[in-house]
Each structure stands twice: as structure tokens, then as C-alpha cells.
Amino acid sequence: MIHIDGQSLEFREGETILERAQRAGIDIPALCRVEWAYPVQSCRLCVVEVSGADTLLPACATCAGEGMTVHTASEAVVRARREILTLLAGSFRHETPLGNQRGKSYLQELFRRYHIPLPHPPSGESGPAEFPTPNIRYHPQKCIVCHRCIAACREVKNIGAIDIRQVEGKSRVVPDRTELCASCGECLQVCPTLALTDAVGPGGWSAWKGQRITTTCGYCGCGCQMDLHLEKGSVLGVSARDHVGVNQGSLCAKGRFGYEFIQSRERLTTPLIRGDDGSFREADWEEALSLAAERLSTLRDRHGPDSLAGLASAKCTNEENYLFQKLMRGVLGTNNVDHCARLCHSSTVAGLASAFGSGAMTNPIRDVLRSRVILVTGSNTTENHPIYANYIIHAVQHQGAKLIVADPRGIGLTRLAHLWLRPRLGTDLAWINGLMHIILQRGWQDQAFIDERTEGFDELASILRGYTPDYVTSVTGIPAEELHRAAELLGTEHPASLFYAMGITQHANGTDKVKVLADLAMLTGNVGVEGGGVNPLRGQNNVQGACDMGALPNVFPGYQPVGESEVRQRFSRVWHCGDLPAEVGLAATQMMPRAREGSLKGMYIMGENPVLSDPDQGHAESALDSLQFLLVQDIFFSETARRADIVLPSASFAEKDGTFTSSERLVQRVRRALSPPGGARPDLDILVHMAAHLGTNWGECKPSGVMEEIASLTPSYGGITHQRLEAGGIPWPCPDREHPGTPRLHEQRFSRGRGVFFPVHHREPMEQASEQYPLLLTTGRVGPHYHTGTMTRQGVGLTRLYPQALAELSPSDADRLGIGDGERVRLTSPRGSVEAVAQVSERSAPGEVFLPFHFHESPANRLTAATLDPVALIPEFKVSAVRVEKAE
């Protein structure tokens, strides 16, 4: 027990006085401390009086001790702090800066608290100094050289893009030319003096003067909490609050600087109708909705409900996705409804549901802080899920976890990894089976867990006999000694957590790859335990929620099968509709072929852009052009919207109320901060009015009321309400309103009872390199951009960080092809050609090329094949045969 300011408190081993005081709500000022970094001890402002000590001790670096008595605000402590602050007040310039500000200066607050008078600011102020990202301004005259920004960049983000050096006799923060800045703004977030300020938004805004709305980020699946700063109906900037949400004050480049799209002049503001001449004209809502309803109902009545299909959206709220599938099923009468999860994690849903009974992330991300071993495969976590990467970095750097990265391409985490397995593209089944072979051979499996909680082990053990290290090396290229080291870590250290993303799922055997990862976790007893788990990292802000809401062709909300009559009857009673369709509908990847062949007549697409996101772009374009009617609902005039017959303008995440469900299954509030531009409407309102024009009156639908309907029909969401979520997010399953939610799945038993081992053999990718197409292309995301670029490529903040598509190829391939870094190249596959700019990098292995899919002018999916996983129907985006040559 430690006694701080009269409070008797229990403490954790290794916890500092500062950490324990903060947990108790006792404020100790600290100018140089950064959470998740080692103490810098440069400011001495956090000194406290400890009984028995001869001098004041820094609370940030003094561990709590049994029986210790601490005074945080004694006369001696206050006197010491005033001396330090007085020195700072006279040495630096501390008035409010003119540039774009993150928020009130922490140092200014300390001056006020300790009654330190500010002298007249010195004259002759210089302008902002050089900084490694154009999105942040550095004002050296306000910098107190506290090292916070350095610690945040090096230790929280594992980058090290800035350093402290002498410039003209003064200590300054300067770029470190050996490291590339991620423009995440972590340094800006921790700066206590406003020496670092946001350079993206309008100049002169004061974060503490305007309105501040807390909401959930609209980009990846991390579910970060953020504050939108508003003034006169505009977003001035974005910040995050320390100790709030999964991000705990951190944001990535997209979250912090990617807000420009909200008020872009390119936003859709009025409905558009295509005329007989092919051009669009503006229309009012009544005309557009009436015509859309007429066209949809005519096709349904003439050709049957299954002549129609709909794509919901992982960018929209749970409430909107619920109403979309309700419209398709209960009003239009078809199960032909899907969304972009088909293209990213449908193999996760299928694979984990088969093995565990639930196709979702098993553990909260903070569990990784208890992991002894972490395996990351098929996930460029630092770029695509940067906040989750913070936890992995901290677990390795501060908690002693061992990190294994398995990825053909060099990524941010490979620099931190204790072991980097570099398999050839598409050989994941072989190396995972190879690890399990060694674990079994050495007797490292958790036999008690296997016997008590699983089935199918003997069948798995039988096929693993063939996956000897020599065989696996011949298939994957991974040296046998590295396989042994990885197997030993996973087999002897416990708990171990597994993280993966689309490098695993986007294959023609993606479902099998997910199943063998589940096999590996069960084999080592790492399911249902703190610090363990199988954790798919979802790519979009609400892709988990859209799946939960039944925006899939085979299930209602809560993954309740459409083929079960009792389920259909329950939904039809609540929806007040007739019999609901029992046949499984078309997946997104089946819709395009059916449209091209003519059996699918009309589509309703909400917030998706399949022209850029679907494989084999030429095929997708032809399919959409073959439809008799295409209705698109979006915030921008996307490549898909350009092919529509009617376009409806919708609201962004900042202009609506509702909920998103993060990758951790955490349901969180989305709060309206602004009105939509012009005549644009929230998707929920559009869907309600669309149903009315189709003859179904849903009454007045508010997001909170829709969530109550969801809860009444979806057991895993049964206890979730908007009112409860005001106190913080709730992880499903949450069966009733007294239930706190379930952060960790499968602790006592699997959702299906026993976990199932699936013995799966390695199969080569469907497309192989050849003489005509000698390289293998893999596609993916880059840090500053998101999905098809419709949001992140609006405005300068993110565009200038990554302005054009870069085709990344190895130095040996570039040399062999006579291609220099920065030259324009043409990539050609059996399906088409695109041009990009060459980036020669060791990150790509010889024989492999990486191309991001965000750029409409260099559409990566013009090259990919529509080869599908037979179970999840996900395309094999990650392996396509191409040739690369200089562009003419």
C-alpha cells in the first residue's frame, strides 16, 4: 500500500508514483513525460516529497513502494515547481501562436495554476522552422526542448523521424533524414507549448474557443475517439483526448489530418438524374425518390425480387446498414444484399465461424500488453491500423513480448521483429502447417486444452506429418532454422496472440488460411485467454458492424441464417411484412457476373465504389453498364456514381448520429457535428423515405430507435442502447441491459461448443508467374490513404504525403528491367494495363511488385483477377501475374 496525499492505494509491481497518482485522479504536473515511453526526466516538474528521502524525487521515475508516504503539493514541492516555471516563462515565447493550434497550451495552464507572470514576449520572432512533414509547423521560439516529441516518435510509434540537435548554438527539434515521417501527429499531440501546430486547417483557429464534438473516427476499424473542432459550421481541426478510447490521445495521419473531405467543394449536394442524352441534371428529392422507387418496383414486378441487388456500406452506421438490409429483404423481397466485407474479410467470417462459432476478433487490443509472443501476418499494421500498432510496439519495447512478423514484404513492424519470416506470395498454408508440424514433433502443444475444448485433432496431426521443415522451406523460401525458432517461441511461450489482415484473407484459399491460424491458436492453447487470441484487423470503420447488421446474403442481423423459418418469422413479425425470402442471396462478387449476363437487372449501391474496389475492373465496368437501372447513394461523385441512372447525395460520418462497431467488437457512438452540405441527407433518412416511396411506412425513425429495434432482434446487441453508449463503448455480445459486454470471447467454451481443427493442405495461387508475365503483383493500402481514395484524396493534407500511385519493386528486378526510381512504368496482366511511378525498394522481394489500390488514374484492380475463394467468394487480390516495363 502507498499513501499519496492521504489516500491509501494499492499499486502494481513496477508502477511509478506518477502512474499510480494518475489512476487515483491525483494530478501531478509533468512537462516531459509521454505515456508508453521511458521517463525522460528533463523537466523535474513532477517532483514530489517522499517521507524518508533527503531530496524531492521525480514521480515519473520513482517506483511506488510499500508503506511509502507521498506529498504531491507540499510547500517545498510547490516552491520547486514555481522556480522551474519562472525560468521557463522568462526564457521562451509563450503567447498564443498565430498558426493553426492543436489546443490550449499545457504550459500556459501551469503558468496560470502556479501564478507565474509572463514577461513581455521577446521581439524578433523567426518564422516556423523545417519539420519532416508539411502537415505540422514547428515554432522553435516556443520549444522548451522537453523531448516529449522525440519520445513519442521513437518509442510510441517506433519511427524516430525527429531528433534534438544544436542549430546556431541552440537546441532545436530537427528532421532525422534517415527515417521517413509518418505524419501521424503524435509529436503534435504531446507538445506542451504549442511549438508544434497543425498546418492543414485554416490559420488562426483557437481550439478552446470553438465547439468540440466527440465522435468515432470514420476511417479504419480501430475505432478511435476524436474531437471535431467547429466554428461557424466548419471543421477547423481534429484532436484526441488523453486517456480516452482505444487511441488514448493518439491518431494516425488520416484521423488527424484527413478531415478536409468533410467540407470539400466536390461533395454531392443535390440528387442527380441521368437524362436521355446521357448527361446528369439536378432534381429535387421527391422526383429522385419517386423515380428510383418506380424503377426498382417495376423491375421487381416484371422480373422478380431476385432481379435486384444491393450493396450496403462499411462506411455507414450500424443503424443505416440495418435499415438497408431491411429494405432489401422486407420491402424489395430479396436476400441479394452484401457489402465490401466480401472483398476483405468474408474469409474471416467463414473461417473463424467454422472453427470457433464466431467470425470476429477474439480479444481486445490491450490484451496484447499481456502477450509473451505476438505473431503478425498479412497485416501492415503500422500503416493500416496504426493505433493497434501502438499497442504491439509497446508490448515489445516495454513489456518484453517477442514479435514474429510473417510477410513477403518489408513493413514497419519488421524493424521491431525478433524474427521476420519472409514467405513467397501465396504460401501461407505451408509455413503455418510447418510451424504446427514442429510444435507437435517437439511436444509443445497444449494437450490439455486440445483434449478438453476441441475436436478434429487427430485428423490435423495426420496431415501435418508431411510438412517437414525441408518441404516447407522448398515451398515458402523460409529457412528451416527460422521455422524452428518461430515454432519454439509459439510453442513454449504463453500466452501468444495472432494478428492478421488481408494478406491472409484475400486469396482463393483465404478461408483455409484463416482456419489454419485458428488451428495454430488452438494447438497452443491461446484461445479464450488474456494476451492470446486470433485477431483479424478489419479494414474499414464499420465493416464489423455491417456484418453484424446482416448486410450479407446468407444471414439476418446477428448472423441468424436466412434459411431458418423461425428466424424469418421473428423478423417478419417485427418488420410487419410478408414472408421473407429463404434462399441465400448473391454475394457482391456474384452480382457483377449476373449483371453482365443479364439476370440481374437493377442495383442499389450505398457508399461503395465497386468500379475501383472490385477485381478485374473492366469486367466490373461492363457489368454495371449492363444493368437496366443503377441507383447510387454517396457523398462524392465516385467512379461508380458516374455510371448511375440516379445519384442521391448522402451525409458523411460528421453529419449523422448512430454507432460504429470497431474491429474489437466495440460498439461506439457516432455524433452529428455538422449539417450535411446543401440538400444532402443522412443515409438513414434516405432509406426511410425510399421505403415510403416503395409503399412501406416505417414511421419516424431516429438512430436511437433503430438501435432499439436492432437490440430486440439481435441477441448479441440485446443490451446496447444509445443511452448506455454515452458512458463509453460496449463490446458484443451484450445480451441484456445489465450486461457489461464481453471483451474476450471463448473464455470458458467456444461459441459453437468445442473448437474444430481443420486439416488443410497447401495449394499454390491460381495465377503463377510465366514468361509473358514474370512478376507477381500484390495490392494493398498505404498509410495516408483509405479504400478507393474518395475521402483521403480530397484536400491537400493527405494528398501531398502520397500524391500518386507508386509501383514498388525490388532493386534486382529494377536493375534487370532497366527501370530507375521515379520513372513511369506500365504494369500489364492478362486483364489490362495501368501506369504508375516506379519506387525501387528493398521492401519488395525479388519477383514481386506492390501497387496500392487508391488511385483511379492507376487502378490496381484493372490488373487483378476475379478468381474466388469457393467458400467466402473473396477474390485473390494478393497474387496476380504481371509484367513491368518502362512506359512509352
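**A predicted chain, read from a covered strand outward**

Strand 17 (residues 373-377) is mostly covered, with five of its five residues buried. Here, buried stands for under 20% relative accessible area, exposed for over 50%, and partly exposed for what lies in between, computed with a 1.4 Å probe and protein chains only. Strands (E, at least two residues) and helices (H or I, at least four) are DSSP runs numbered from the N terminus. The structure is a predicted model, in which local features need pLDDT of at least 70 and side-chain atom pairs count only at pLDDT 80 or more, while totals for chains, interfaces and linings use all residues. Residues are numbered from 1 along each chain as its sequence is written, and side-chain values use heavy atoms, with hydrogens and water left out.

The side chains of strand 17 are divided between two directions: Val-373, Leu-375 and Thr-377 point one way, Ile-374 and Val-376 the other, and all are buried. In a regular strand, side chains alternate between the two faces of the sheet. Strand 17 has a parallel partner in strand 21 (residues 496-500), to which five bridges join it; two strands are said to pair if DSSP finds at least two bridges between them. Within that pairing, Leu-375 has Leu-498 of strand 21 as its bridge partner. Strand 18 (residues 402-406) also pairs with strand 17 in the parallel sense, again over five bridges, and here Val-373 is matched with Lys-402 of strand 18.

The N-terminal part of the chain offers a sheet of another arrangement. Five strands form an open sheet in the order 2-1-5-3-4, with mixed pairing. Strand 2 (7-9) and strand 4 (57-58) stand at its edges with a single partner strand each, so one side of each has no neighbour in the sheet. Strand 1 (residues 2-4) pairs with strand 2 in the antiparallel sense over three bridges, and Ile-4 has Gln-7 of strand 2 as its bridge partner. Helix 2 (residues 75-91) lies across strand 3 (47-50) and strand 5 (69-71), running at about 160° to strand 3. Such angles run from 0 to 180 degrees between N-to-C directions, and the axes are lines fitted to C-alpha atoms, for helices over the stretch in contact.

Further along, strand 7 (residues 162-167) and strand 8 (residues 170-175) pair in the antiparallel sense over six bridges. Arg-165 stands opposite Arg-172 in strand 8. The two strands, 7 and 8, form a hairpin with two residues between them, and Glu-168 in the turn has a positive phi of about 50°. The loop between strand 8 and helix 5 (186-190) holds Thr-178, which is exposed, with a relative accessible area of 63%. The C-alpha atoms of Thr-178 and Leu-745 are separated by 42 Å, the two residues being 567 residues apart along the chain.

Another open sheet has three strands in the order 10-11-12, with antiparallel pairing. Its edge strands are strand 10 (211-216) and strand 12 (234-239), each pairing on one side only. From one strand to the next, the twist averages 35°. Strand 10 and strand 11 (residues 225-231) run antiparallel and are joined by six bridges; Gln-211 has Leu-230 of strand 11 as its bridge partner.

Phe-280 belongs to strand 14 (residues 280-282) and counts as partly exposed, at 25% relative accessibility. Leaving aside neighbours within four places in sequence, Phe-280 is in contact (heavy atoms within 4.5 Å) with residues including Leu-272, Phe-637, Asp-645 and Val-647. Phe-280 and Val-647 are 367 residues apart along the chain, yet their C-alpha atoms are separated by 9.1 Å.

For the chain as a whole, the secondary structure comes to 29 helices and 37 strands. Contacts between residues 24 or more positions apart account for 72% of those with a separation of 6 or more, and buried residues make up 63% of the 888 residues. The radius of gyration is 28 Å, which agrees with the value near 29 Å for a compact globule of 888 residues; the quantity is taken over C-alpha atoms, and the globule rule is 2.2 Å times the number of residues to the power 0.38.

The mean pLDDT is 92, and 97% of residues reach 70 or more; pLDDT is the predictor's confidence in each residue, from 0 to 100. Over residues 96-103, the pLDDT is below 50, and this stretch has 39 contacts in the model beyond near neighbours in sequence.
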